[in-house]
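Let us take a friendly walk through this protein, starting with its charges and ending in its core.

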Amino acid sequence: MTKTEFDQLTAAAKPTLDAIRNCAHELHQSVNQLYDGTKPYGFHLDMVADGVFRYGHEICQRKQDVAPLFFGAWFHDSIEDARLTYNDVTRIARRFMDEEQAHMAAEIVYALTNEKGRTREERADERYYRGIRETPYAPFVKLCDRAANIAYSCQGTDESNNHMREVYSRELPHFLKALQAPTDDLRMSLPEGLKAEIETSLQS
């Protein structure tokens with residue numbers, strides 16, 4: 001769909017999207033989760049959702065997919081970091097959308113939940129990426145998540161941010177390849193503009 005059409009849909013859905021956003025913020029605040037040790041975790045969630053606002057028109061296929069797509073962005077860490085189960089996520093999603101939409105939303109969140117592992121590589125192994133590639137909109141939301149983390153690390157100057165910038169730069173070729181689903185389904189695609197934005201950030 002066009003950017004204008006997508007913007008019109010998000011504007012019409014603003015009360016629902018605001019409620020989803022507030023719920024996600026409150027959830028992560030309830031478990032005292034911070035971003036970079038200093039910021040409310042909602043800061044990061046909003047950065048991820050911003051990627052959806054800016055590039056969602058390139059992959060969103062139906063009006064009904066708008067709420068699940070944004071829910072996936074705001075709740076993508078809720079199982080991994082906020083102690084929710086898949087069923088918890090589904091129940092929350094049902095508060096904002098119908099059963100089909102709630103299932104899509106929960107599947108995105110589940111796909112983006114890391115595997116159990118002692119290292120970064122174990123937590124994001126091939127099984128993890130396969131699950132993302134098999135879930136509509138999950139590759140895009142994961143790319144928005146990584147874009148948000150990269151943008152933040154590139155703005156920072158401390159040792160931790162510099163280290164993560166190097167990690168993201170080193171991982172980028174494998175990361176993009178791992179997200180690329182072997183299908184023509186646009187819901188599984190990765191916007192070229194967002195990929196270029198990430199590469200530009202890491203090169204600056």
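When charges are counted here, Lys and Arg are positive while Asp and Glu are negative, with His and the chain ends left out. On that count the protein chain has 25 positive and 33 negative charges, and the mean positions of the two groups lie 3 Å apart. Keep in mind as you look around that this is a predicted model.

Now follow the fold. The protein chain contains twelve helices and two strands. Starting at the N terminus, two helices come before the two strands, and the rest of the elements are helices, in the order α-α-β-β-α-α-α-α-α-α-α-α-α-α. The radius of gyration is 16 Å, close to the 17 Å that the globule rule gives for 204 residues, so the protein chain is as compact as a globular protein of that length. Along the principal axes, its C-alpha atoms fill a box of roughly 45 × 40 × 30 Å. Among contacts with a separation of 6 or more, 72% join residues 24 or more positions apart.

What about the outside and the inside? The protein chain exposes about 10,400 Å², and carbon and sulfur atoms supply 48% of that area. Of its 204 residues, 49% count as buried.

In soluble globular proteins, nonpolar side chains tend to be buried together. Here the largest nonpolar core has 64 residues, and Phe71, Trp74, Phe75 and Met97 touch the most other members. Helix H10 (residues 138-155) gives this core its largest share, nine residues. For a closer look, pick Phe75: beyond its neighbours within four places in sequence, Phe75 is in contact with Ile20, Cys23, Ala24, Leu27, Ile92 and Val109.

Notes. Residues numbered from 1 in each chain as written. Predicted model: local features only at pLDDT ≥ 70, side-chain atom pairs only at ≥ 80, totals over all residues. Heavy atoms only, no water. Helix = DSSP H or I, 4+ residues; strand = E, 2+ residues; numbered from the N terminus. Rg over C-alpha atoms; globule rule 2.2 N^0.38 Å. Buried < 20%, exposed > 50% of the residue type's maximum accessible area, 1.4 Å probe, protein only. Contact = heavy atoms within 4.5 Å. Areas by Shrake-Rupley, 256 points an atom, 1.4 Å probe, with all protein chains shown as cover. Charge placed at Lys NZ, Arg CZ, Asp CG, Glu CD. Core = buried A, V, L, I, M, F, W, Y, C linked by side-chain atoms within 4.5 Å.
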